[in-house]
Structure formats: C-alpha cells, structure tokens
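Here are my notes, as promised, for when you have the model open. I've kept them to numbered points so you can check each one against the structure.

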Amino acid sequence: MKKLLVITLLSILFATPAFAQKKAKNTKTTEISIPGYCCKGLNATIENTLAYERGVVEWTLNLEKKSVTVVYREDKTNPSKIEKALAANGVRTANEKPNPRAIEKLPACCQPAARGEKSCDKM
Amino acid sequence: MLLQRRSLLQLFRLLLFCVLLFSTVGLAAQEVRGVVLDDASGTPLPGAHIQWQGTLKGTTSDNEGRFSLLVTDGLRPLLVGMTSYVTDTVMPQEGVPLEVRLKTSSKKLRSVAVRQRRKNTVTRMSSIAQTEVITVEGLKGLACCNLGESFENSATVDVGYSDAVSGSKQIQLLGLTGVYSQMLLENTPFLRGLSAPFGLGYVPGQWMESISVSKGVATVKNGYDAITGTINLEYEKPAKGDRFSLNLYENSDLKSEVTAKLNHRFNNRLSTGLLFFGTYNARRADHIGHDGFADYPLQQQFNVVNRWDYEAPSGFHSQTLVNYIHEERLGGDMRFERSLRGSDSIYGFGGTTDRLHFFTKNGFMLSNTASFGSQVSGTWFRQSAYYGLSDYRGEEKDLYVNLLVNAEVSGGHMVDYGLSLRYEEIDESLRSQPYLSAAAVTFDDQLSMREVVPGAFGQYTFRYGDDFNATAGLRYDYNSHYRRHLLTPRLHFRWRIAGRWVLRGSGGMGYRAPHVIAENFGLLASGRDLVINTPLQMEEAWNAGVNLTRKIQLGDDRELTFSIDYFHTDFLNQTVIDWDQDAYTAYIYNLDGRSYSNVIQADLNVEPFVGFSVSLAGKINDVRCDYNGTMLRKPYTSYWKGLLVLSYHTRFEKWRFDFTTQLNGPQRLPLNKGTLQGEAPAYLYMLGQVTRKFKRFEVYAGVENITGYVQETPVIGYDAPFSQAFDASVVYAPLMGRLFYAGLRFNIR
C-alpha cells in the first residue's frame, strides 16, 4: 500500500511535461519594452517570471534599452501573455498595467516607475 | 589667495565630513548614509532598496553599495532589502554611517550584524546573542506540520516525545527540557505555564515567517525566565504576505492537514490577516511494538488567528493578534473509545484543550532618538486529560503588561528601561491512580497557584564602533506566590576580534515557577506512584556561554561559516524528578546537591557550489544531577549528536532537494521495568524531501524516518496496563516508522 502510494506520488511528480525546453522550430522573438526597468534590482523579478512562463524558451535582459528580448514558442504563448505575466508580478510593460500589490515587492528603485508616477530618468 | 581659501574650505569640509563619519557624539545630520553589503561575502550590493519604514520614500544603493537618504520625518527604522536577500530593518543613528549586511534568503542563517535596536516595532530582530534563524525557505524543505517538527535541521534544538501514548513532543535546548528556555511570539511571551507541554503542536509550520533560536540567557526585557535560550517565532505579516495561500498535506498514515492564509490591505496603513489550520487524523495504527497500543493518538485540531496591523507614517505602529485553538486527542489501546473513559480493562488516553491567546503591541517614537513600546498579552487555557485511571484538569489565566522605553544616549550607546506586571492564575487538579490496586491520591494544593509579579528593568548598551558592543541589564521582580524578591542580572557582549572572527558571550541568572505535572505528562503514563513530599520552590539557575564564529569567503558569493560554542548551566534549585530510586515510584523534590549542564557545539556551513549547501554540526551534552545523593546523567538526553543537512536547488528553484541525517548518541535510561536498562543505543534518523515549483503552485513529497528505526517496545507492560508493571513513559527512540507524505502549496499574490 505504502509502496504503491509512493510510486504514484513520484510518478505524478516526475511525469510533468519536460520543462527544459529546447529551441524548437516554431519559435519567435519579441522585444518587450519595460519603461520601469530602472535598475538591476528588477532583473530577478523579470527572470523569475519568465522562468516559470509556459512557452518561453530564452530571454536576454537589456537594462540600457529598458527591455527584455524573449524567444518563445508560437504554439504555446504570445507576447501579450508574456506581458500579462510580467504585469502580474509588478512589472509595467508597454501595454500592461502592473498588479499594485506585486509592486510593493519590487525594489524601491523600480516602484515609482512601475506605478507610472515617474520615469526612470527623473529618479 | 582665493585658491588657498577655497582649498582651506575644502579641507574644512573634509574634516567636517570625517567628524560626521567617525564622531561618537551625535551630531545633527540631515541625511543618513551607509553601505549595503552581502553578509556572507562582505561585498557591496548595488541596487538594494532602502526605504523609511511606513513611507514610500526611499532610494537605492549605487554600484559600490552606498546610499544616502534625506531625513524628512525624523529618524525612523529603515527597511533594507533586495531580491533573494532577507529584508532587514535597521535603526539609523544620527551621524553614524550605517553598515547593513543582508543575508541571502537561503535556508539557515546566522545573524551577525548587531546594528539595530530591539524594539517591538521592528519586525525582524537580530541580536547580540548568537542567533540561528530558520527562515520560511528552510521550513519549506521540511514536512514541518508544526513547530515540533521545525527543528529537524537544527543541531541546537532536540525534539523528543514526552510519552508513548499522548503523541506530544518536547524540545530540549542545551540538554535541558524546553521549559527552561523562553518561547516568544513576535517578542511577546508565548506558550508559558500549562501551555508549554503540548504547545509545540499549537504552532503550524506554515504560519511562520521565521524562527530565531538564541542560546543562553536572554536580555532582561522579557522577564526572568529565559535560562537556556530564547525561541522567537514570527508569523506572517498581513502587509507583506500573499493575498491567499493554501497548503494541503497528507501522509501515508492518512493524517491530513490544511493551512490557509488570507491577507488584506485596506490602505498603506491598515492590514489584516486570517490564518487557519486544521489537522485530522482519523485512523490509529499499531505498526511498532505490535502491543495493541496505537503508535500515535487520534487527533483533531482547529486553530485560527486573526491579526491587525496599523502603521502610521508618524512612526506609530500597532499590532494585535488573537488566536484560538481547540484540540482533541484520543490514544492508548487500539480498542479504546471516548465512551470508555475511566475503564479499568481497556487503557485509554484522552485530552481536550481550548486555548485563547492574544497580544497587542503598540509603539511610537518619543523623539528622534527615543521610542516607547507597550506589550499586552493574555491567555486563557483549559485542558482536561486522562491517562488510564488518572485524571488531570488544568486551567490557566494570565495577563502580562510590559512597557518599554528605548533611548539613545551619546555615541550610539543605548538605554532601555521599563516596567512589567504579570498576573497568573493556575488551577490544576490531579487525581492520580497509577494502577488499579493503588489508592487514588489527589494533588490540588501543591499545583494550584496565583501569582502577581510586578517588575522593573533597565539595561545599557555600550558600543565601540562596529567592533565591540555589550549590553548589561538588571531586573527586579517580586513574585507574590513564592513571596520572593528576584534580582536578575544579565550580560551580553559581541566582539569582532579581527577580520571575520567574532566572539560572543553571555551570562546571567534566571528563575521559573515549576508546573511539574503539566511539564512531565510522562509521569501519568506509567504505573509509578507519584510522591511529592515537599512544597516545590522556584527553579533558579545561572547560565554562561561563549561562541566563536569565523567566516571564510569562497569565490564570489559563497562562503564558509564555522562556529563553536560552549554553554554552562548551573542550578541553585531545580524540581528534580527522580525515577531512579526504584522502578515503581517517581519522587519529586527540590534539588539537594548539584545539577548542571555543559554543552559544546560546533557548526560548519558551506556552499560548495551555487545552489548546493551543506551544513554539518556536532554536539556534546554533559547533563548531570544529584538524585538522592547520587550524581547521574539526566535521563533521555543524548550524550552527543551529529547532524548533516544537504540542500540543493536548481536555477530559479524549480527543483529543490533536501536531505537530513541525524545521528543521535546514546542516552541514559532511568531505572525501569523493561528489558532495556542502563543506556539506550545511538541511532540514525534520516529524512528527505523533493519540491517542484510551478508558476502558481508547488508540490512536495518526502519521507520521514527513512531508516525506519523505532523503539521496539514503546509500552512496557502493555499486557497489564492497570498494574504496576505498566510504563509508557520510557521513550528514547522514534515512535513513528518510515512515513511518506506529499503536499501542495498554492498562492495568489
């Protein structure tokens, strides 16, 4: 009985679809503008969001350009979904307003810009 | 000439700056400056955010980790944080540049920096004492259903069962039972008196944000009772916590647990949280011993907390928490049912507990350099339990008021002083009939008490730069029950000897009122006669200890920490439970002779590569007491303990693996009626867990007691539970075999 339970549990745990995705054929690249990307402090939030986002294959952070370049699988996601995911974690993008509660968890440097109060240059 | 004047001016400015920077006299400064460093490596942290607590005003550290911030609303605590680091609260001082060391939010941390005031408005407290902090991340690596199971990765705290029928766990700190340490909930007294014995089960692991364990005497602020150490619990704060989180747990013995947390913010100032916990275990099993006795009792618990936090920009901070618990346990013989209570043919254990607890803490700034805080807490507790034919009932009401002032005098030195009052009423009654032919004995007068304890305290913190600080405190209390004037001196120091070597020390006196039955329920789970001939006096002890910590940098962001400490406790009076005169009686009396504990512990924490951490610890306990003229080791205290904790996580913590091995040394058994006499053998205890994190939820699965080592005969004389031969109080090994569990965590930010 116990053994059966363990086997079932382990198989549930390990049988989740492979998340270590390889660059598949139908990938696209998009550059998402993040106006509130004022400092390195936001890196972790962006990376932690993208790491758990379905269909995201890889990304490059561009602090100078205040954007992130995302390679994604067309059949699984689209830029709008990715922007929504970032916004849910407090990141303001060109098209999405961030979740106010999540903004509080951002580094102080990025909060005013995420709220849309100031742009980064006026900090 | 002009040039000269300009350079003079510059020189003057430079001088002024130096004075500002190094001055020990509090010069008025309009800004606070400082540097944020990684606590482990000492490297500057760019991009850390610094914010005045309760405001939105803040800044970020530059490339060298430096920052400066204008003082606009007076000096108030600063929140310093950064992603993947634990947010810290520091109290800036005028003219003294801050050095804030942030700890990575990994498993187990040791607080080093002592740059902040201990006040009730500060959420996180690092202390002058050597403190081990078990964070929420550390707790996630354990099944960790309640506080009793949260210490499996700690060498400092040992956890054992009180007896083989009630399933209640007790902790040991410095080789002595947990009652000699002080349990605090957000720095207010918690789980005292009658709540102490089952108390570990009243704190669900998922509610906690962190657990700090400090060895040795505490400062004088929270009473005279912390002798061997302090365990401070921090529950999740409604302003910071997720809007909703849920944890579901199920184990292979069909024990189910549900934890739910709801947080709501009304605005920037007011927030509330609702914490709920329920456990249900509807099946008894008899895997070990095959003695007809359930391995653990049937258990039902309902536990709820509601808390309110208010924080005004003026610095006023108020926190109020109310907690209610209802718990029922039923154990003993597998055939036992609630209706069979009092039966003299089928042995049963039952317990019902109701507990209502609240605290309210309010603090505000009196001036730029002084703050006032008040703590009020109260408990109503009722427990009724029976072990076979013995009946126990306990009721406790207590109210505690503590008023504290913290003020900075020149040069960063600090004074704290305050007044406290405790009212405590304990009504206990015990009708003891350990076996059928014994005459029932009632103990009521010896157990019940009513005490009023007014007290006053003061302490001074001396600071010499960042290298040395020391706190000397004294408190005076009067205990109306024992009619005693109690003087409690306490001393702590921290000295950074050189580079990354830190030496800490503490010493002081402590007292406590014994509640001998509630603290030793094992006494009731046995066919021993109970003999209490003398009135039990207050327990009294002094404790002193030293700790040496060394950190070594390994590469960029990894480090090695080594620490070794030695603590000595010496009792002037102790309530001695003497199991060793004969196997049929337990004598309880005041200490006559010596009783002491010597504990040496060494810890090594290292991160060999990013994502993988190893912690290795070893401990030697030498705990002895005079039993009726013979010096013997304290029973059920292992002579030594070894611990190895391995933890690995992949990038972004998608996968996480935790594995713990404990090697528990031999322990002395008291004289008993079983086959194993003298010494219980050393044993290995292992547990492991795998956690997989997804976008919105986490699943975990693990195994407890992997080796499956259990005590062969947990219940001595199980075939004659109503005779003198019966004894379920001899517990020296796990009472739960290999156990599989799995669970799910879900949250909405």
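1. Start with burial in chain B: of its 749 residues, 51% come out as buried. Keep in mind as you read that this is a predicted model.

2. Chain B is mostly a story of strands when you count the elements: there are 45 strands and 3 helices. As for contacts within chain B, take those with a separation of 6 or more: 65% of them link residues that are 24 or more positions apart.

3. The domain assignment splits chain B into domain 1, residues 2-103, and domain 2, residues 135-748. Going by their C-alpha centres, domain 1 of chain B and domain 2 of chain B are 39 Å apart.

4. Now for the partner chain. On the chain B side, 24 residues are in contact with 22 residues of chain A. Which strands of chain B each supply at least two residues to the side that touches chain A? They are E2 (49-52), E3 (58-60), E43 (683-693), E44 (697-704) and E45 (739-748). By residue type, that side of chain B is a mix of 10 nonpolar, 9 polar and 5 charged residues.

5. Strand E2 of chain B deserves a second look, since besides supplying residues to the side that touches chain A, E2(B) pairs with strand E5 (residues 78-81) of chain B. The two run antiparallel, with 4 bridges between them, and B:Ile50 sits opposite B:Val80 of E5(B).

6. E5(B) has another pairing, with strand E6 (residues 88-90) of chain B; this one is antiparallel too, over 3 bridges. Here B:Leu78 is the residue to find, standing opposite B:Val90 in E6(B).

7. Next, have a look at strand E34 (residues 575-578) of chain B, which is covered on both faces. In a regular strand, side chains alternate between the two faces of the sheet. In E34(B), B:Thr575 and B:Ile577 are on one side, B:Val576 and B:Asp578 are on the other, and all four are buried. Note that B:Asp578, which is charged, is among those buried residues.

8. What does E34(B) pair with? Its partner is strand E35 (residues 585-590) of chain B, running antiparallel and joined to E34(B) by 4 bridges. The link from E34(B) to E35(B) is a hairpin of 6 residues. To get your bearings in this pair, find B:Thr575, whose bridge partner in E35(B) is B:Asn590; B:Thr575 is also one of the buried residues of E34(B).

Conventions: Residues numbered from 1 in each chain as written. Chains lettered and ligands numbered in written order. Predicted model: local features only at pLDDT ≥ 70, side-chain atom pairs only at ≥ 80, totals over all residues. Buried ≥ 20, exposed ≤ 12 C-beta atoms within 10 Å, placed from the backbone. Contact = placed C-beta atoms within 7 Å. Domains from an automatic or database assignment. Pairing = 2+ DSSP bridges.
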